[in-house]
Amino acid sequence: MAEEETEEQRGLMQGHLLENLDQKQEERKPESSKPTPTTFQNPLEQLQALQLDLGPVNSQATRAYDRLKQNLSKRRKPLLDCRSISIQDIPHFWAQTFVNHPHLSMMISDQDEDMLRYMTSLEVLEVRHPRSSCKITFIFRNNPYFQNGVIVKEYLVEITGYRTSHSTPIQ
């Protein structure tokens, strides 16, 4: 009988320890990881409460993403600058790049290809929010097609696709 009580007591003690462990783990969780809806709220109120809780979490994620992107951009810049210098030493690099691109090649005429032979550099910069717009800078040496040394095109990115928002006038 004493052994039965001991096994029963051990079982109760283990159960009590597990409950305390679960409770302590729950207490250690940050408040933001605990859902806020209560049982007396209707589903719409629960959804609204969750959306309010998601706001700060999403803002924190956006700030972290922006810091990461800025850090990586600083690390990539010297490599991209070296690559740009190397590209300038390759004759007609950009003309060949555009002509060999599976989507762009269909839109490039022979005259476009000849004009692209004068292109020395291409820079793409994401402006504002990374998914909302980009700025493309085309840099050319003197050529018989136009006087501009630099042509800039900015595109807004929308759900329906790209839309030009600004372009340098061709002279």
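Which helix holds both Asp 81 and Lys 77, and how many residues apart are they? Both sit in α2, the helix spanning residues 43–88, and they are four residues apart, or about one turn of the helix. Keep in mind that all the views below come from a predicted model.

**View 1. Asp 81 and Lys 77 pair up in a salt bridge within helix α2.** The closest N and O atoms of the two residues are 3.0 Å apart. Asp 81 comes out as partly exposed, at 37% relative accessibility. Its partner Lys 77 is partly exposed too, at 49%. A search of the whole structure turns up two salt bridges, and the other one is up next.

**View 2. Arg 117 meets Glu 113 in a salt bridge.** Here the N to O distance is 3.6 Å. Glu 113 has a relative accessible area of 18%, so it counts as buried, the cut-off being under 20%. Arg 117, at 28%, is partly exposed.

**View 3. The largest nonpolar core brings together 15 residues.** Phe 98, Leu 116, Met 119, Phe 138 and Phe 140 are the ones with the most contacts inside this core. Helices α3 (93–100) and α4 (110–116) each give it at least two residues, and so do strands β2 (133–140) and β3 (150–158). Strand β2 makes the largest contribution, with four residues.

**View 4. A closer look at Phe 138 and its contacts.** Setting aside neighbours within four places in sequence, Phe 138 touches Phe 98 and Met 119, along with Ser 121 and Leu 122. Its other contacts are Gly 149, Val 150, Ile 151 and Lys 153. Phe 138, Phe 98 and Met 119 are among the core residues with the most contacts inside the core.

Key: Residues are numbered from 1 along each chain as its sequence is written. This is a predicted model: local features need pLDDT of at least 70, side-chain atom pairs count only at pLDDT 80 or more; totals for chains, interfaces and linings use all residues. Side-chain values use heavy atoms; hydrogens and water are left out. A nonpolar core is a set of buried Ala, Val, Leu, Ile, Met, Phe, Trp, Tyr and Cys residues joined through side-chain atoms within 4.5 Å. Buried means under 20% relative accessible area, exposed over 50%, partly exposed in between (1.4 Å probe, protein chains only). Contact means heavy atoms within 4.5 Å. A salt bridge is a side-chain nitrogen of Lys or Arg within 4 Å of a carboxyl oxygen of Asp or Glu.
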